[in-house]
Each structure stands twice: as structure tokens, then as C-alpha cells.
Amino acid sequence: PVSIVTMELDSLADPMMTREFMLDKIASAEKHFTVWKYQGHEDFFMNAEYFKQDSEAIKLIYKV
């Protein structure tokens, strides 16, 4: 399984370009693409409140 998470306000890695250039080229049948709203490139790493979002996304993908 492959999961790519992007941030809506990311000026370094635009979500739609990331999808086009990365996700669409992955051959895996099980792939997931998520855009986190109202966050930028560094927001997730700089704010511990976002860590829960990451663990919830992983649980959904791996059905934990």
C-alpha cells in the first residue's frame, strides 16, 4: 500500500502537482491520496496537534 499526504496550503509541493507527478505514476493497486485542509508545508511538523491526524490516516489505510 502507498499513501501520499499533501497539505492544501503547501507552496513547495502543490497537492495537485504532487498527485499528477507521484501518485498517478505508482503502479500499486492500493494507493491513497489525502489533502489536509488549512495546512502548509511545515505546519504538521511544527504543531504537535496535527500528529493525531497522521495516526488516524494510517489507521484508515491499514485498517488498524
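Two residues are taken to be in contact when heavy atoms lie within 4.5 Å. This criterion is applied below to a predicted model.

The protein contains 3 helices and 2 strands, and along the sequence these elements follow the pattern β-α-β-α-α. Of its 64 residues, 22% count as buried. The accessible surface amounts to about 4,800 Å², and carbon and sulfur atoms contribute 60% of that area. Among contacts between residues at least 6 apart in sequence, 59% join residues at least 24 apart.

The two strands are paired in parallel: strand β1, comprising residues 2-7, is joined by 6 bridges to strand β2, comprising residues 31-36. Between β1 and β2 the chain passes through helix α1 (residues 15-21), and the resulting β-α-β crossover is right-handed. Within the strand pair, V5 of the model is found opposite T34 in β2.

T6 belongs to strand β1. Its relative accessible area is 5%, which is under the 20% limit, and T6 is therefore classed as buried. With residues up to four places away in sequence left out, the contacts of T6 are P15, T18, F33, T34, V35 and W36. Of these partners, P15 and T18 fall within the range of helix α1, residues 15-21, while F33, T34, V35 and W36 fall within the range of strand β2, residues 31-36. The buried residue T6 thus has contacts in both the helix and the strand that follow β1.

E8 is located in the loop between β1 and α1. Because its relative accessibility of 30% lies between the limits of 20% and 50%, E8 counts as partly exposed. Excluding neighbours within four places in sequence, E8 contacts P15, V35, W36, K37, Y38 and Q39. P15, V35 and W36 are partners of T6 and also of E8. The C-alpha atoms of E8 and H41 are 8.6 Å apart in space, although the two residues are separated by 33 residues in sequence.

On the surface, M17, F21 and M22 form a nonpolar patch, with a combined accessible area of about 320 Å². M17 and F21 fall within the range of helix α1, residues 15-21, whereas M22 is situated in the loop between α1 and β2. The relative accessibility of M22 is 45%, so this residue counts as partly exposed.

Notes: Residues are numbered from 1 along each chain as its sequence is written. This is a predicted model: local features need pLDDT of at least 70, side-chain atom pairs count only at pLDDT 80 or more; totals for chains, interfaces and linings use all residues. Side-chain values use heavy atoms; hydrogens and water are left out. Two strands pair if DSSP finds at least two bridges between them. Helices (H or I, at least four residues) and strands (E, at least two) are DSSP runs, numbered from the N terminus. A crossover is right-handed if, with the strands pointing away from the viewer, the path from the first strand over the helix to the second runs clockwise. Patches are made of residues with over 30% relative accessible area and no salt bridge: like charges are joined within 9 Å, nonpolar side chains (Val, Leu, Ile, Met, Phe, Trp, Tyr) within 5 Å. Accessible areas come from the Shrake-Rupley method with a 1.4 Å probe; for residues, only the protein chains shown count as cover. A salt bridge is a side-chain nitrogen of Lys or Arg within 4 Å of a carboxyl oxygen of Asp or Glu. Buried means under 20% relative accessible area, exposed over 50%, partly exposed in between (1.4 Å probe, protein chains only).
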